[in-house]
Amino acid sequence: MHNGFVIETKALTKRFGKFVALNGLDLSVETGAIHGLLGPNGAGKTTSIKVLCGLIKPTSGEAYIFGKRVPDKSILPRIGYMPQETALYLDLSVHHNLAMYGELYGLSGKKIAEREKDLLRFVALEKWKDSPVGNLSGGMKHRVSLACSMIHEPALLFLDEPTVGVDPELRASFWEYFNLLKRAGVTIVMTTHYMDEAQHCDKIGLVRQGRVIAEGTPESITAQTGTANLEEAFLALSRRQVNA
Ligand SMILES: Nc1ncnc2c1ncn2[C@@H]1O[C@H](COP(=O)(O)OP(=O)(O)OP(=O)(O)O)[C@@H](O)[C@H]1O
Ligand SMILES: [Mg+2]
């Protein structure tokens, strides 16, 4: 690990043709923190997660996870990734999707069964275990995807909008679970557009046009901007950047 940071990026840049999606992104995530990435649509949040997970190569700059330069296959078993667009097999059951992800990570049948039981309880889908994922509602598919990303008990979790379409009651229980994971030493990087969720993060990074334009605790960001809440702070920071 690098100075207590589980993730560090330096001047991370990603171009798609002429389009600059990441424009010198500097991000540091502390070990065991819940770190929120916020920012408008197209800001580069998903792109930065994909670079960190080794799914796309940066054009320039550096990214380190557990002190290792990304991409590095050796860190993959310690990382969980819940993509914004769920990557599930719709004609397979919830059970088979979980089992497939478990096998992908080389877990034994016994371990998969153990994890499946815990995770189905966490996402409240025990009753849907044998249903094809394609028959589930949007929010339920999201919950299956979240469970799949955690099957191998990763130390670092990337959750790209994990609570979109999830009802308020379950959303609250997700947060209880995230805090439980945190207490067990797991680091979580999540994106959200919900300000009430951002408020629960230990640190947040506001991403805009491929850069981190503000980073800190929710309280420090509101204090820095002299605003009453995060929503106002972000609007103020965005306006400042546009006017700069
Ligand atoms: N494969 C690609 N080819 C071309 N452009 C891309 C590609 N992937 C992403 N982009 C562009 O990069 C920019 C950043 O996209 P990204 O998905 O990272 O945004 P985001 O912050 O996750 O937004 P959202 O809040 O909508 O999820 C967007 O303008 C997007 O169109
Ligand atoms: Mg995104």
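Let me begin with a term: a residue is called buried if 20 or more other C-beta atoms lie within 10 Å of its own, exposed if 12 or fewer, and partly exposed in between. I should also say at once that what you have in front of you is a predicted model, and that I will go through it region by region.

With that term in hand, please look at F66, which lies in the loop between β4, residues 60-65, and β5. F66 has 19 other C-beta atoms within 10 Å, and is therefore partly exposed. Its backbone is also worth a look, since F66 takes a positive phi of about 50 degrees although it is not a glycine. As background, most residues other than glycine have a negative phi, and most peptide bonds are trans.

A11 is another case of this kind, because here too we find a residue that is not a glycine and that has a positive phi, again of about 50 degrees. Unlike a loop residue, A11 has its place in a strand, namely β1, residues 5-16. A11 has 14 C-beta neighbours inside 10 Å, so A11 counts as partly exposed.

As for the peptide bonds, which one should you look at? There is a cis peptide bond joining V70 and P71, with an omega of about 0 degrees. P71 itself belongs to the loop between β5, residues 68-69, and β6, residues 79-82.

Staying with strand β1 for a moment, I would like to point out R15, which is also placed there. R15 has 14 other C-beta atoms within 10 Å and is for that reason partly exposed. If we set aside residues up to four places away in sequence, R15 touches V20, A21 and T59. Along the chain, R15 and S60 are 45 residues apart, and their C-alpha atoms are separated by 9.0 Å.

A21 brings us to the ligand, since A21 is one of the residues around ligand 1. Which other residues are found there? Together with A21, the residues around ligand 1 are F16, F19, G39, N41, G42, A43, G44, K45, T46, T47 and Q84. The elements that give two or more residues to this shell are β2, residues 19-30, and α1, residues 45-52. Of the elements, α1 gives the most, with three residues. By class, the shell around ligand 1 has four nonpolar, seven polar and one charged residues.

Now I will turn to helix α2, which spans residues 94-104, and whose buried residues are V94, N97, L98, A99, Y101 and G102. What covers these buried residues? The cover includes α3, residues 109-122, and α4, residues 138-149, and I will take these two helices in turn.

The axes of α2 and α4 come within 9 Å and cross at roughly 25 degrees. Angles under 35 degrees count as roughly parallel, and α2 and α4 are therefore roughly parallel to each other. Their crossing is right-handed. In this contact, V94, N97, L98 and Y101 of α2 meet V144, A147 and C148 of α4, and the residues involved divide into six nonpolar, one polar and no charged. It may help to recall that an α-helix has 3.6 residues a turn, so residues three or four places apart point the same way.

With α3 the arrangement is as follows: α2 and α3 pack at an angle of about 130 degrees, with their axes 10 Å apart. At that angle, α2 and α3 are therefore oblique to each other. The crossing of α2 and α3 is right-handed. The contact is made by H95, L98, A99 and G102 of α2, together with I112, R115, E116 and L119 of α3. By class, the contact of α2 with α3 has four nonpolar, two polar and two charged residues. Just after α2, you will find G106, which takes a positive phi of about 75 degrees.

My last stop is L181, which is found in helix α5, residues 168-183. Is L181 buried or exposed? L181 has 20 C-beta neighbours inside 10 Å, and so counts as buried. Not counting residues up to four places away in sequence, L181 touches V186 and I188. L181 and E153 are 28 residues apart along the chain, while their C-alpha atoms are separated by 9.6 Å.

Key: Residues numbered from 1 in each chain as written. Chains lettered and ligands numbered in written order. Predicted model: local features only at pLDDT ≥ 70, side-chain atom pairs only at ≥ 80, totals over all residues. Helix = DSSP H or I, 4+ residues; strand = E, 2+ residues; numbered from the N terminus. Contact = placed C-beta atoms within 7 Å. Near = placed C-beta within 6 Å. Nonpolar A, V, L, I, M, F, W, Y, C, P; charged D, E, K, R; others polar. Axes fitted to C-alpha atoms, helices over the stretch in contact; angles between N-to-C directions. Parallel < 35°, antiparallel > 145°, perpendicular 65-115°, else oblique. Left-handed = near helix turned anticlockwise from the far one by under 90°.
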